[in-house]
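The following paragraphs lead the reader through the interior and the surface of the structure shown here.

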Amino acid sequence: MKPAGQKDEPFSAKERRPMKCPTQENPYLFTYRNSNYLPSSSKTQKMPEVREGTEVNCPDKDPSDSIPTSVHRLRPADIKVIGAMGDSLTAGNGAGSEPWNLLDVLTEYRGLSWSVGGDQNISTVTTLANILREFNPSLTGFSVGTGKESSAGAFLNQAVAGDRAEHLSTQARKLVDLMKNDSRINFQEDWKIITLFIGCNDLCGFCDDPVRYSPQNFTGNIGKALDILHAEVPRAFVNLVLVLEIIGLRELFQEEKVSCPRLILRSLCPCVLKFDDNSTELASLIEMNKKYQEGTYQLVESGRYDTREDFTVVVQPFFEKVDIPKTLEGLPDSSFFAPDCFHFSSKSHARAASALWHNMLEPVGQKTTEHNFENNIHITCPDQVWPFLSTYKNVQGHGSWLLCRDRAPSASPPTSVHALRPADIQVVAALGDSLTAGNGIGSKPEDLPDVATQYRGLSYSSGGDGSLKNVTTLPNIFREFNGNLTGYAVGTGSANDTNAFLNQAVPGAKAEELVHQVQTLVQRMKTDQRVNFHEDWKVITVLIGGSDLCDYCTDSNLYSAANFFDHLRNALDILHREVPRALVNLVDFMSPSVIRQVFLGNPDKCPVQQASVLCNCVLSPRENSQELARLEVVAQAYQNSMRELVESGRYDTREDFSVVLQPFFYNIWLPVLEDGRPDTSFFAPDCIHPNQKFHSQLSRALWVNMLQPLGRKTNTLDLAAAIPLSCPTQNDPFLRTYRNSNYTYPAKPAIENWGSDFLCMDWSPSNSVPTSVHKLQPADIKVVAALGDSLTTAVGAQPSNSSDLLTRWRGLSWSIGGDGVLEIHTTLPNILKKFNPHILGFSTGTQEETMGLNAAVDGARARDMPAQAWDLVERMKRSPEMNLEKDWKLITLFIGVNDLCHYCENPEAHSAEEYVRHLQQTLDILYEELPRAFINVVEVMELAVLHQGQNGKCAMPLAAQSNCTCLRRSQEDSPEMQKLKQVNWNFQSGVSKFSYWHQYMQREDFAVVVQPFFQNTLVPLNDRGDADLTFFAEDCFHFSERGHAEMAIALWNNMLEPVGHKTTSNNFTYSRTKLKCPSPEHPYFYTLRNSQLLPDQAEEPSNVLSWAVPVAAGLGLVVGVGVVMVWKAMRGPYRKGPPMSLTTASF
């Protein structure tokens, strides 16, 4: 009932179809004759009348002036040879078949093939070869007519119908041999275009053999073929066309209104068509399709095929996403397909050729990934300014290609700086000197006065002129991820101009002026409506130090490494304290030696007469002079200071803030000309400031550094090297910080924690529980407790996330904390746990519920101690875990700092007599109420000694809750200060006698022992001679965990020293093995009696170790206002800062 040539395919026995009836027009059973059917044997292989032609109306179709030697400078007209590899879609199966002629799909219409066909010309047949022939009519290699790959007409179209990726290397071998042996081709000199397209057959068979058709094998097989081309073919541009998104074939297959031979189609591609829509098999296929595409990208973007100047492979992704073309009725348009509904018709071949041509001209990273096949054919012309085929290396002017496909932000705005993706960045800002301000970036080579122009829009870290296509800057890279980025500068002008926006760098600025820049920047971000100060994520780039070095020789004290460190720290401290959600890039400055090489190495091009004006201390010293050697040492010290500051972890105390050192500028490799002179083409006319060529490299290097993990960052910049822009990966999508790099900052020495190694051999307790306190061994202690102020509650021992309140880290407290183990946290209880793991009473964590027997209260004075003693006694009596009568107790009492701070307000209430009286009341309570107790009374430190000079200042002063009035009112050597020192000494003297008070010696199970390690107090200094703030909390007043560890060590060692011979100072040098061990001869804690000293003997003072560098817990009282400046005074005069606040928090 149907004409020959239009009959239905076979159908299954289960399928039911209505019976057809003869019609008046066709009442006969159909035969070949009454169907007007022409058998295939009598048909000629002539081309259809209607073809898909177009026009190429490009004004410039000329080749390069001379044959290019670089594939990155290749024009279309330079191409002389074209070839192709692939499967039946490149072989052209069915491309010229009539819609009714299913058998003709076996015919390979190679002359119509989209990537290499050369039938007729562009006016009737659109193919890549015919497009290129419009630029070079002498093009060769294209295929014509029909036939297999071995036919004469196939020429360099070596695609084989049915081939898979595993067959490509064979095709590549044949293609190379053909090109080498054909007289029409000059194999060494002719530029070649080779297009490779494969993968549909692999996907169609994937479900039958997942291992054979795995993404790894697919990519590996393509790599083998490309390796052959790369190794053997000179002057070649290879198009690697991404495997198409094959799932769209199901739409054509499932639409019943479209006539397709479904059984045949299903047999051609079973793995795509035979499964249900929601099946796991189909989901697996879709995933494999994506992995094929991803693997193709990764193969090429690895740079594996960009090792030669005359060869490249470029991924052309127009098939990455495919929508089946539709008719006006919205049905799949079968006119785009051959009669089997699988292969392309000439209509699709023409549009694929057009899409490929467009891709070849589009910049890498901006190529079309979804071509609309329904559109009419239009041939784009090469850019007249930039007429080259796009590669991974050629860019217009100073632009860059960004290849990253995943440019999405986080699913929700991140709260952690360690989970920050590039697209999450909403604000960019910059601080620094003339390099960041952009002086001379755009200046013409001979225009020296123009170096004064600040080309902020071109600045590497904050410029926003143009786009990444023609201007490479960090903001322009970020704008590829987030088009709404703000904060960048445009145009020219000073920091005060509105177009500078958040580029607050000032020409000539030194580290000392960085604080002012920070303050201005913070104010701008807070007040500008384009910035949501609290919610927007910010990247702030800081580069400073060059101007300091230029003036170093004029005042070596003013521009010392110590002052550089202080100024940089002060600036970063403000950012850390005031700016939420910020990642700060700290960039090294340019080495002085680089500036000297360029400037002095080109006297004919550089203004050597102005050396003393431009950068005197760098350019003026003679080669090999002492001045130059000193400058190099200072420059190294500056860089070391930057590393020390960042690696201290000082700026990693908040979840939403971090400072990362980007070291790409540390070493510069200068290009050298043939005559041996440094290449000045990277510099402005003054030969000092970088020009746009240099800034572009700085931007690329900074971006690459930001994506490199800490510990593996590039610290060298080769100005002449091609620096591709890296992409975040699926496994590492974040801008790198110390945490998401799994990186631990190195220390000097490498210190991971402030724990201690315990080397004592005998940890056993007494054979029986001692009844005498004078026979008390460490393992006999069952309970620990403490009385005191905020130094015992451990306020600020760890950095706090709050700027208003410091946390009480009781678990880290020197005398009572029990967090972790001794190897991690050095505290008195953790030492005792080595002898008795079941000890009770210690504090853990930060909550009051876990404070144990830590009865200390912030701000407490001596008058508060009796109440604390009663509180402690009541806690012990209520404790179900301890045996009040039988358990030995170790109680540490430390108080007095707040009494000294407020002495001058009411001398009588805070006199030494009153101080001693309150402590005596406290000890009386403990004596009367607690059996079996060993009481440590720790002497108060010398606060007044710390008040030396008015030039120091605390790095992060805490808003005062109460003032240390007596220090604030007193000047050095004033009568008030001398009186305060006397009172301080009286406190110590009064307490020291407690060890000898007869009234506390009446019981055999009770002893009071004064531990004097704070008796002589100095400030711990770092390597630069400044106060070492690593011992102190953020407020520069309380102890850090390191300080608590040192106090615990000093207390423990005092307890194992005889009365009268105890150390009265502390050696603050880092060592994990400073803890003393009980001796076999004397395994007990020392008391007056077991020290075998009479009271008058015991009172003899011990000498202070002349080599010791002791510390005071009250450092912040003065470091908050000023630390010991003796070392700085030795360096000579320096510029004084503003008056310091002497206010601090109460203990």
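Helices (H or I, at least four residues) and strands (E, at least two) are DSSP runs, numbered from the N terminus. This is a predicted model, in which local features need pLDDT of at least 70, side-chain atom pairs count only at pLDDT 80 or more, and totals for chains, interfaces and linings use all residues. Residues are numbered from 1 along each chain as its sequence is written, and side-chain values use heavy atoms, with hydrogens and water left out.

On the surface, Ile-264 belongs to helix α7 (residues 262-268). Ile-264 is partly exposed, at a relative accessible area of 35%; buried denotes under 20%, exposed over 50%, and partly exposed the range in between (1.4 Å probe, protein chains only).

The interior holds a largest nonpolar core of 106 residues, a core being a set of buried Ala, Val, Leu, Ile, Met, Phe, Trp, Tyr and Cys residues joined through side-chain atoms within 4.5 Å. Helix α10 (residues 346-361) gives the most to this core, namely eight residues. Phe-319 is among the residues with the most contacts inside the core. Leaving aside residues up to four places away in sequence, Phe-319 touches residues including Phe-197, Leu-244, Phe-344 and Phe-373, where contact means heavy atoms within 4.5 Å. A second, separate core of 100 residues includes Leu-420, Tyr-559, Phe-657 and Phe-694.

Arg-654 lies in the loop between α18 (626-647) and β8 (657-662). Arg-654 is buried, because its relative accessible area is 14%.
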